[in-house]
Amino acid sequence: MALLNRAGGMTVVGFAETGEEAVLAARRFSPDVIVMDLVLPALNGLDATRLILSEWPLTHIIALSACHTSEHVHRALRAGARGYVTKTSAASDLVAAVKAVIAGDRYISAGIMPVTVEALGNRSSPTRSCEHLSEREFAVLRLLVAGLSSTQIALKLSVSPKSVDTYRHRLMVKLGVANRAELIRVAVEYELISV
C-alpha cells in the first residue's frame, strides 16, 4: 500500500485484515476507493464488498485476487467491484486501477480474457453474458437446470441427443465453465435462469 501513497494524489487511510474490519474501516474513513482482497477470514471479500456498497454505493471497490478466471471476475463485478487486479500484476497495475475507477471507468488487469469485460458491458452485470445465447441454447440451459438428461432434453425439443450435447458444449464455452455441474451452478448463481 506504500505504493499508493507514493503514486501522488492518493493517501492510504486505513488497512483491514478481515472482512469485518474492512466494513468497519469503510464506516470510519469513508474512503473513495477500497482495494479488497477477496480471500479474507470470516467475512470474505465478496460479502464485505456487498455490505460496504449497500451503505456507501458511491464507493469504488477494486477486487484483488490470486485468481483470474472469468468466473472469479464475474463474481467480483456482480458483487459491485469496479476493478479487478490480480496479485501477480505489476504494482503499477493497482495504481492504474485506482485512477481508472476514480474516473468512473472499470479496470480489469491485463491478461484476463477481454471477453469477460465485453460480456459484462459497462456496469457489473454477469447476466449480460446471456445476450450471446441463442433461443435454443437458453431452452437447453433451462432444461439442464431442471435436471433433465440429454436424451430427455432431446425428446422435449425434438432434436437429437447429439445436438443437445453440441448446445451444452457451446453453453460451457460461452459461460466459461468446464462441465455440466459448473454450467448449472453458474446459471443459477448468476440468475441466468430462474428456478
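**A parallel sheet, its helices and a buried loop residue**

Thr59 lies in the loop that links H3 to S2. In this predicted model, Thr59 has a relative accessibility of 10%, so it counts as buried, the cut-off being under 20%. Who keeps Thr59 company? Setting aside neighbours within four places in sequence, Thr59 makes contact with Pro31, Asp32, Ile34, Ile52 and Leu53. One of these, Ile34, falls within strand S1, which spans 33-37, while Ile52 and Leu53 fall within helix H3, residues 45-55.

Stepping back to the whole chain, the protein has 10 helices and 4 strands. Read from the N terminus, the order of elements is α-α-β-α-β-α-β-α-β-α-α-α-α-α. Of the 195 residues, 46% are buried. Taking contacts between residues at least 6 apart in sequence, 54% of them join residues at least 24 apart. The accessible surface adds up to about 10,300 Å², and carbon and sulfur atoms account for 56% of that.

Now for the sheet. Its 4 strands are laid out in the order S1-S2-S3-S4, with parallel pairing, and the sheet is open. Strands S1 (33-37) and S4 (107-108) sit at the edges, each with a pairing on one side only. Strands S2 and S3 are joined in the parallel sense by 4 bridges, and here Ser65 stands opposite Thr86 of S3. Between S3 (residues 83-86) and S4 there are 2 bridges, again with the strands running parallel. In that pairing Tyr84 faces Ile108 in S4.

Two helices that pack on this sheet deserve a look. Helix H3 (residues 45-55) touches S1 and strand S2 (60-65), and its direction makes about 155° with that of S1. Helix H4 (residues 70-79), for its part, packs against the sheet by touching S2, S3 and S4, at about 140° to the direction of S3.

In a regular strand, side chains alternate between the two faces of the sheet. In S3, Gly83 and Val85 point one way, whereas Tyr84 and Thr86 point the other. Are these four residues buried or exposed? Every one of them is buried, whichever way it points.

H4 itself is also well covered. Because 7 of its 10 residues are buried, H4 is largely enclosed by the rest of the structure. The buried set is made up of Ser70, Glu71, Val73, His74, Ala76, Leu77 and Ala79. Right after H4 comes Gly80, which adopts a positive phi of about 120°.

Further along the chain, another packing arrangement involves two helices. A pair of packed helices is described by the angle between the axes and the distance between them. What angle do the axes of H8 and H9 make where they cross? For helix H8 (residues 150-157) and helix H9 (residues 161-175), the axes cross at roughly 105° and come within 8 Å. The two helices are therefore roughly perpendicular. On the H8 side the contact involves Ser150, Thr151, Ile153 and Ala154, which meet Pro161, Val164, Asp165 and Arg168 of H9. By character, the residues of this contact split into 4 nonpolar, 2 polar and 2 charged.

Terms used: Residues are numbered from 1 along each chain as its sequence is written. This is a predicted model: local features need pLDDT of at least 70, side-chain atom pairs count only at pLDDT 80 or more; totals for chains, interfaces and linings use all residues. Side-chain values use heavy atoms; hydrogens and water are left out. Axes are lines fitted to C-alpha atoms, for helices over the stretch in contact, and angles run from 0 to 180 degrees between N-to-C directions. Angles under 35 degrees count as roughly parallel, over 145 as roughly antiparallel, 65 to 115 as roughly perpendicular and the rest as oblique. Contact means heavy atoms within 4.5 Å. Ala, Val, Leu, Ile, Met, Phe, Trp, Tyr, Cys and Pro count as nonpolar, Asp, Glu, Lys and Arg as charged, and the others, Gly among them, as polar. Two strands pair if DSSP finds at least two bridges between them. Buried means under 20% relative accessible area, exposed over 50%, partly exposed in between (1.4 Å probe, protein chains only). Accessible areas come from the Shrake-Rupley method with a 1.4 Å probe; for residues, only the protein chains shown count as cover.
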